[in-house]
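Student: I would like a close look at one part of this protein, the helices and what packs around them. Please take it slowly and connect that part to the rest of the chain.

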Amino acid sequence: MPEGDTVWNTARVLARALTGVRLTGSDFRVPQLATTDLTGWRVTDCASRGKHLLIRLDEPTGAAHWTLHSHLRMDGTWRVYAPGERWNARPAHLIRVVLSAATSTAVGYHLHEVALVPTAEEHRLVGHLGPDLLGTDWDPQEAVRRLADRPAENIAEALLDQRNLAGVGNLYKCELLFLRGINPRTRVADVPDLAGLVTLAHDLLAANRGRWTQSTTGSLRRGQTSYVYGRRAQPCRRCGTAIRKEELGERVTYWCPRCQPAPT
């Protein structure tokens with residue numbers, strides 16, 4: 001499931017394969033770009049913002065700069081293949097974009113919100129996002145301010161709202177709240193230390209940046225990488241109480257009822 005760190009990793013993989021390379025072909029399997037041909041275009045950069053991927057390109061003449069945008073949401077992914085390698089990451093009917101070059105092919109599966117816009121207009125697609133936890137513009141004070149602007153919202157949903165801070169997904173939401181001892185239903189206004197929560201979010205994503213196995217416990221061993229996420233009915237690693245799972249908003253939430261007591 002893509003979160004800010006895995007999308008950051010994906011952008012780096014694409015950057016290593018494509019930056020500075022001229023495309024030998026493209027295939028868009030989305031209606032709005034079905035006839036678009038990027039043959040001869042040069043990839044200048046690949047970047048992430050939250051769960052959004054931005055592939056920046058120059059037209060063959062270099063006169064215009066464009067950005068290919070895709071949103072990974074919960075199920076999207078990009079894979080890079082060597083020439084002649086079989087595309088086997090996902091079923092073929094899930095392919096949305098193919099970017100071909102002499103040295104590699106980038107294939108986007110189950111992508112969302114695919115769009116090609118002038119690079120100067122990227123803000124139309126990502127300008128609503130809060131500070132990026134792994135971006136050069138990371139601003140913890142601004143993230144706290146945005147969270148605090150919705151005091152009645154429960155903290156679990158507020159952390160997933162990318163307008164507050166960009167990059168937290170369901171795994172990190174659950175783990176952050178456990179590590180801070182905060183019940184998921186706690187109102188933002190009642191969280192005792194929003195700044196501490198925001199700082200921990202940045203630290204966790206930064207610690208997992210550059211690797212594909214996400215861990216909040218410090219262990220990379222299978223079955224030991226999380227405190228509560230994915231561990232329904234298993235004993236809490238701190239107190240032994242059975243971990244609970246519940247639908248909260250549109251997402252499932254895992255928490256320990258003893259370590260994260262309900263707000264009074």
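Tutor: What follows begins with one helix and its surroundings, then moves outward to the other parts of the chain.

The model is predicted. The helix to start with is α6, which runs over residues 194-208. From the first C-alpha to the last, the 15 residues of α6 reach 22 Å, close to the 21 Å expected at 1.5 Å a residue. Its buried residues are Leu194, Gly196, Leu197, Val198, Leu200, Ala201, Leu204, Leu205 and Asn208. Among the elements that cover these buried residues are α1 (4-18), α3 (140-148), α4 (155-160) and α5 (170-179). Just after α6, Gly210 has a positive phi of about 95 degrees.

The packing around α6 can also be followed through the nonpolar core. The largest nonpolar core holds 27 residues, and those with the most contacts inside it are Leu133, Ile155, Leu159, Leu165, Val168, Tyr172 and Leu176. At least two residues of this core come from each of α3, α4, α5 and α6. The element that gives the most is α6, with seven residues. In soluble globular proteins, nonpolar side chains tend to be buried together.

Val168 gives a local view of that core. Not counting residues up to four places away in sequence, Val168 touches Glu3, Leu133, Leu159, Leu160, Gln162, Lys173, Leu176 and Ala201. One of these contacts, Ala201, is among the buried residues of α6. Leu133, Leu159 and Leu176, also touched by Val168, are among the residues with the most contacts inside the core.

Next comes α1, one of the elements that cover α6. The 15 residues of α1 should span 21 Å at 1.5 Å a residue, and its end C-alpha atoms are 21 Å apart, which agrees. Because 12 of its 15 residues are buried, α1 is largely enclosed by the rest of the structure. The buried residues of α1 are Gly4, Asp5, Thr6, Val7, Trp8, Asn9, Thr10, Ala11, Leu14, Ala15, Ala17 and Leu18. Trp8 has Arg209 over the face of its ring, at 5.3 Å from the ring centre. Just after α1, Gly20 takes a positive phi of about 85 degrees.

From α1 the path leads to the strands. Ile55 is in strand β3 (residues 52-58) and is buried, with a relative accessible area of 1%. Ile55 and Ala15 are 40 residues apart in sequence, and their C-alpha atoms are 8.5 Å apart in space. Leaving aside neighbours within four places in sequence, Ile55 is in contact with Leu14, Val43, Asp45, Cys46, Trp66, Thr67, Leu68, Trp78 and Leu99. Cys46 and Leu68 are also included in a second, separate core of 26 residues, as are Leu53 and Val97.

Trp66, another contact of Ile55, leads to the aromatic residues. The whole structure contains four aromatic pairs. In one of them, Trp41 and Trp66 have ring centres 6.3 Å apart and planes at 50 degrees, so the pair is tilted. This pair links distant parts of the chain, with Trp41 in the loop between β1 (25-28) and β2 (42-49) and Trp66 in strand β4 (residues 65-71), 25 residues apart. Trp41 is buried at 10% relative accessible area, whereas Trp66 counts as partly exposed at 23% relative accessibility. The rings of Tyr81 and Trp87 also have centres 6.3 Å apart, but their planes are at 25 degrees, so this pair is stacked. Tyr81 is buried, with a relative accessible area of 4%, and Trp87 is partly exposed, with 34%.

Last come the annotated regions and the loop after α6. The UniProt record, an unreviewed entry, places "domain: Formamidopyrimidine-DNA glycosylase catalytic" at residues 2-166. Over those residues the chain is 21% helix and 30% strand, with end C-alpha atoms 12 Å apart. The annotation "domain: FPG-type", also from an unreviewed UniProt entry, covers residues 227-261. There the chain is 0% helix and 29% strand, and the end C-alpha atoms are 16 Å apart. Gly223 lies in the loop between α6 and β9 (244-248) and is exposed, with a relative accessible area of 58%. The C-alpha atoms of Gly223 and Arg90 are separated by 25 Å, while the two residues are 133 residues apart along the chain.

Technical notes:
Residues are numbered from 1 along each chain as its sequence is written. This is a predicted model: local features need pLDDT of at least 70, side-chain atom pairs count only at pLDDT 80 or more; totals for chains, interfaces and linings use all residues. Side-chain values use heavy atoms; hydrogens and water are left out. UniProt positions are given in the numbering used here, feature names are shortened, and annotations may be inferred rather than shown by experiment. Helices (H or I, at least four residues) and strands (E, at least two) are DSSP runs, numbered from the N terminus. The expected span of a helix is 1.5 Å times one less than its number of residues. Buried means under 20% relative accessible area, exposed over 50%, partly exposed in between (1.4 Å probe, protein chains only). Contact means heavy atoms within 4.5 Å. Rings of Phe, Tyr and Trp (its six-membered ring) pair if their centres lie within 6.5 Å; planes under 30 degrees apart count as stacked, over 60 as edge-to-face and the rest as tilted. A charge sits over a ring if NZ of Lys or CZ of Arg is within 6 Å of the ring centre and within 35 degrees of the ring normal. A nonpolar core is a set of buried Ala, Val, Leu, Ile, Met, Phe, Trp, Tyr and Cys residues joined through side-chain atoms within 4.5 Å.
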